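Trainee: Could you take me through one part of this protein up close? I'd like to follow a single helix and see how it sits among its neighbours.

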Amino acid sequence: MLIPILSILSSLLAVALVISILRLTGERRRSARDKARLANEYRAGLAERDRQNKDLLNALNDPFLLLDHEGVVRFANAPAEELFSGRTILDQHLDEVFVDRALADPVKSALSTCEAVTDQVILTQKISSLGNLNQAAESAWLVDAGPVGSTPPYKLFRVIIRNTTTEYHTEQVRKDFVANASHELRTPLAIINGYLENLIEEELLGNQETSLRFLKIMRKHGDRIARIVEDMLIISRLESGEASTLKVKPFPLESCAQDVLERLESVIQTQGASVKLAENDPELCLRGDRFYWTQILFNLVENALKQNPDIPLKIELGWRVENDNVLKIWVLDDGVGIPAADLPFIFRRFYRVEKHHSQVEIKGTGLGLSIVRRGVEAHGGEISVSSTPGQETRFSITLPPEAVTTATLKEGDRTPPQSQAQEQQQPA
């Protein structure tokens with residue numbers, strides 16, 4: 001009787017044990033699945049956060065890098081990869097990334113001192129080692145480097161590189177403008193004051209011949225000051241956004257060109273030069289501000305004359321409408337030309353070719369071609385220049401189709417240039 005009971009109990013215990021093992025195995029499996037799910041969710045969360053951080057850093061306009069404490073690049077956003085295009089920068093030391101030592105120095109300083117460093121770097125080479133980025137002249141870069149985190153030890157360092165070339169050139173232009181304007185005004189004022197001093201202190205007023213000669217010289221330099229001030233006011237208006245207030249009316253381009261040649265007639269005759277009008281449509285009307293177009297054409301023709309004072313110069317002023325309805329205007333001459341090294345800079349304010357072929361000092365305000373470019377751009381056009389010294393120098397203006405009109409002008413639209421110039425000079 002005892003044996004069957006023990007057998008039954010053993011069977012029950014075995015069944016209970018099997019059930020317990022199965023239950024424990026199931027719980028372990030569920031726990032493993034839960035752990036795997038949580039691990040996957042954690043990894044997915046980390047990947048999503050990493051993606052969001054990368055998207056945020058890629059959204060920055062400035063190149064951004066993360067370096068470890070040894071100076072090895074561990075992360076670079078999209079603008080940084082674009083800046084260093086064509087080169088591998090990840091897992092590279094900063095000495096291999098920043099070929100320009102000037103760019104690497106602020107980063108090295110931040111790594112060594114574990115403090116934030118901000119420095120402006122000027123690169124003067126024509127082809128920058130920053131990837132395939134071409135620089136026509138000086139380029140300026142703001143390098144901001146520093147540790148990531150609030151307490152040491154710092155494992156990561158951030159580097160932000162900002163292109164400040166536009167701001168740098170704007171500031172340089174401002175400084176040059178002030179310096180050159182001061183110099184251009186000081187010279188004629190000094191001459192005028194010198195002759196005044198001679199007239200007064202040396203009691204030369206009684207000598208009519210000497211006094212008249214001095215007064216003529218003073219008037220010439222007074223006119224020069226007036227011209228400088230007028231040109232400065234014109235370019236100031238064009239650069240300050242007043243181009244949106246241009247007095248745009250249709251006017252005959254040939255009439256404007258004839259006005260320019262009449263104003264320069266005495267200079268043309270004195271130098272023995274000749275000017276030819278070359279146009280395929282003498283009735284063509286230009287939609288624009290006649291005052292500024294008179295300045296543009298006047299400055300281009302006068303510039304050719306001033307650059308070639310001792311040459312029987314041949315100048316051609318022409319225009320035509322191309323097949324795509326754009327208007328081409330050109331001024332060309334057969335003078336000494338412009339050296340290739342100076343061509344990129346001749347539209348800068350006060351820029352002069354230092355060693356001119358004629359070796360003659362060129363007089364003027366130094367603002368004429370700057371006014372030309374600004375005036376053309378204010379009318380939605382573009383201007384370019386090409387020169388083969390001793391053969392041909394050509395200034396070419398391209399204007400959009402809307403600049404040309406075939407409307408018949410009313411008599412009131414034919415504003416005389418002088419009255420329109422006076423209208424332009426009235427305060428707003």
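Mentor: Here is a walk along helix H4, with a little on the whole protein before and two other helices after. Keep in mind that this is a predicted model.

Let's start with the whole thing. The protein has 428 residues, and 38% of them count as buried. You'll find 11 helices and 13 strands in it. If you take the contacts between residues at least 6 apart in sequence, 60% of them join residues at least 24 apart.

Now zoom in on H4, which runs over residues 101-113. Does its length add up? Well, what span should 13 residues give at 1.5 Å a residue? The expected figure is 18 Å, and the end C-alpha atoms are 18 Å apart, so the two agree.

Next, look at which side chains are tucked away. Leu-103, Ala-104, Pro-106, Val-107, Ala-110 and Leu-111 are buried in H4. Seen down the helix axis, these buried residues fall within an arc of 155°, so they line one face of H4. The general rule behind such a pattern is that an α-helix has 3.6 residues a turn, so residues three or four places apart point the same way. Over on the other side of H4, Arg-101 and Ser-112 are exposed.

So what covers that buried face? Among the elements covering the buried residues of H4 are strands S1 (64-68), S3 (117-123), S4 (139-147) and S5 (156-163), along with helix H3 (94-97).

Pro-106 is a nice residue to click on, sitting in H4. Its relative accessibility is 4%, and the cut-off for buried is under 20%, so Pro-106 counts as buried. Leaving out residues up to four places away in sequence, Pro-106 touches Val-117, Asp-119, Val-121, Val-143 and Ala-145. Take Val-117 from that list: Pro-106 and Val-117 are 11 residues apart in sequence, with their C-alpha atoms 6.1 Å apart in space. Just past the end of H4, Cys-114 has a positive phi of about 55°.

For another helix, try H10, residues 368-378. Its buried residues are Gly-368, Leu-369, Ser-370, Ile-371, Val-372, Gly-375 and Val-376. Just after H10 there is also a positive phi, about 80°, at Gly-380.

Last, go to helix H1 (residues 2-58), where Leu-6 lies. Leu-6 is partly exposed, at 45% relative accessible area. Together with Ile-5, Ile-8, Leu-9 and Leu-12, Leu-6 forms a nonpolar surface patch with about 460 Å² of accessible area.

Terms used:
Residues are numbered from 1 along each chain as its sequence is written. This is a predicted model: local features need pLDDT of at least 70, side-chain atom pairs count only at pLDDT 80 or more; totals for chains, interfaces and linings use all residues. Side-chain values use heavy atoms; hydrogens and water are left out. Helices (H or I, at least four residues) and strands (E, at least two) are DSSP runs, numbered from the N terminus. Buried means under 20% relative accessible area, exposed over 50%, partly exposed in between (1.4 Å probe, protein chains only). Contact means heavy atoms within 4.5 Å. The expected span of a helix is 1.5 Å times one less than its number of residues. The arc is that of the directions from the helix axis to the C-beta atoms. Patches are made of residues with over 30% relative accessible area and no salt bridge: like charges are joined within 9 Å, nonpolar side chains (Val, Leu, Ile, Met, Phe, Trp, Tyr) within 5 Å. Accessible areas come from the Shrake-Rupley method with a 1.4 Å probe; for residues, only the protein chains shown count as cover. A salt bridge is a side-chain nitrogen of Lys or Arg within 4 Å of a carboxyl oxygen of Asp or Glu.
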